Amino acid sequence: MAEQRITSLDVARMAGVSQSAVSRVFSGASASPATIAKVRAAAEQLGYRPNAMARAMKSGKSRIIGLLVAYLENQFYPVALERLSRALQAQGYHILVFMVSNASDQIESTVQELMGYQVDGIVTASVSMSFGLTERCAASGIPVVMFNRGQDGSGLSTVTSDNIGGGQKVAEFLLAGGHRRIAHIMGWQGSSTGRDRTLGFQRGLAAAGITPLAEIDGMYTREAAATAARVLMQRPDPPDAIFVGNDHMAFAVMDVLRSELGLRIPQDVSVVGYDDVPLAAWPAYDLTSLRQPLNRMVEATVDTLLGQIENPDRPTQKIEIAGPLILRSSARIPEGWTS
């Protein structure tokens, strides 16, 4: 015979409170400390577990956030995903994580699936949204915040580092170190992050009357970045410094320079990355990198999303947060230079 299911009414009777008091305790609504203690003690003794779906149907809020991530090969995203999840869970939300490519049809089908879960909001990490999909989310009352990616004309809130300012800071650093043959292995130019870092880098060099020695799109992949490094170093005038659009690619570049080509870093060529993932600090790489202020980006993303959930009329925001250049041994450090 099936075991009888424990209900909130059973908990209320044992705790000596009303059924509505039990609902308030498990929904996070206001209740006195004494009531909370009695209800939770009774629930524990009876083995009661609240029905989240039933509560969602009654309140109209699922307390679920959908998180779309394009790829996890880049070491930046597993860390970002963990911190976003923890920050949202600390606010009482559950997380549904979906992996997608940047193919529009897959993104569209995944977002439709998330809508079926009655999510309260969506965070996209390096994922673009079509205008039509954005409109459908808005019509369904589901706010969307883009993390580490901007999209002009989307009408969505975006949270990124100051990519233009970061690229410019890298250029100024390399120029101050005496470099003049400076190449750039760009982040994917189909993304706002790749384009903005490149724009800032070009502006920083242009201010000193210099243009990049060469620019190659590394597509945010190890393979493309490694190939780009080989092409650059085969030139008759190889670069004496390379700015790489993210750390994931920079590690591949450093491996090629040292292991394949026998070059010394930074004596023969300086290398600078972008993101400052934990691996950048490992002695094997010790990579100078423009740090994305991840904790502040996560905080801004969560605050923006929850603010729009609570107030659907709240205006969308474009948030850019500056990060420091973290100095390590992969690049020549100018005398007196501080991050």
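**Note on strand β1 and the aromatic pairs**

1. In strand β1 the side chains of I64, G66 and L68 point one way while I65, L67 and V69 point the other way, and all of these residues are buried. This belongs to a predicted model, and the remarks below should be read with that in mind. In a regular strand, side chains alternate between the two faces of the sheet. Strand β1 covers residues 64-69, and because 6 of its 6 residues are buried, the strand is largely enclosed by the rest of the structure.

2. Which strands pair with β1? One partner is strand β2 (residues 94-99), which runs parallel to β1 and is joined to it by 6 bridges; within this pairing, L67 has V97 of β2 as its bridge partner. Strand β3 (residues 121-125) also pairs with β1 in the parallel sense, over 5 bridges, and here G66 of β1 stands opposite I122 of β3.

3. The connection from β1 to β2 deserves a look in the 3D view, where β1, helix α5 (residues 76-90) and β2 make up a β-α-β unit that is right-handed.

4. Turning to the rings, a search of the whole structure finds 6 aromatic pairs. One of them joins F76 and Y77, whose ring centres are 5.2 Å apart and whose planes stand at 80°, so that the pair is edge-to-face. F76 counts as buried because its relative accessibility is 3%, under the 20% cut-off, and Y77 is likewise buried, with a relative accessible area of 4%. F76 and Y77 also belong, together with F147, to one aromatic cluster.

5. Another aromatic pair is formed by F201 and F243, which is tilted, with 5.0 Å from centre to centre and 45° between the planes. F201 lies in helix α9 (residues 192-206) and F243 in strand β8 (residues 241-244), so this pair ties together parts that are 42 residues apart in sequence. Are these two rings buried or exposed? F201 is buried, with a relative accessible area of 0%, and F243 also counts as buried, at 0% relative accessibility.

6. Finally, two arginines are placed over tyrosine rings. The charged end of R63 sits over the ring of Y93, at 4.1 Å from the ring centre, and the charged end of R197 sits over the ring of Y274, at 3.8 Å from the centre of that ring.

Note on methods:
Residues are numbered from 1 along each chain as its sequence is written. This is a predicted model: local features need pLDDT of at least 70, side-chain atom pairs count only at pLDDT 80 or more; totals for chains, interfaces and linings use all residues. Side-chain values use heavy atoms; hydrogens and water are left out. Rings of Phe, Tyr and Trp (its six-membered ring) pair if their centres lie within 6.5 Å; planes under 30 degrees apart count as stacked, over 60 as edge-to-face and the rest as tilted. Buried means under 20% relative accessible area, exposed over 50%, partly exposed in between (1.4 Å probe, protein chains only). Helices (H or I, at least four residues) and strands (E, at least two) are DSSP runs, numbered from the N terminus. A charge sits over a ring if NZ of Lys or CZ of Arg is within 6 Å of the ring centre and within 35 degrees of the ring normal. Two strands pair if DSSP finds at least two bridges between them. A crossover is right-handed if, with the strands pointing away from the viewer, the path from the first strand over the helix to the second runs clockwise.
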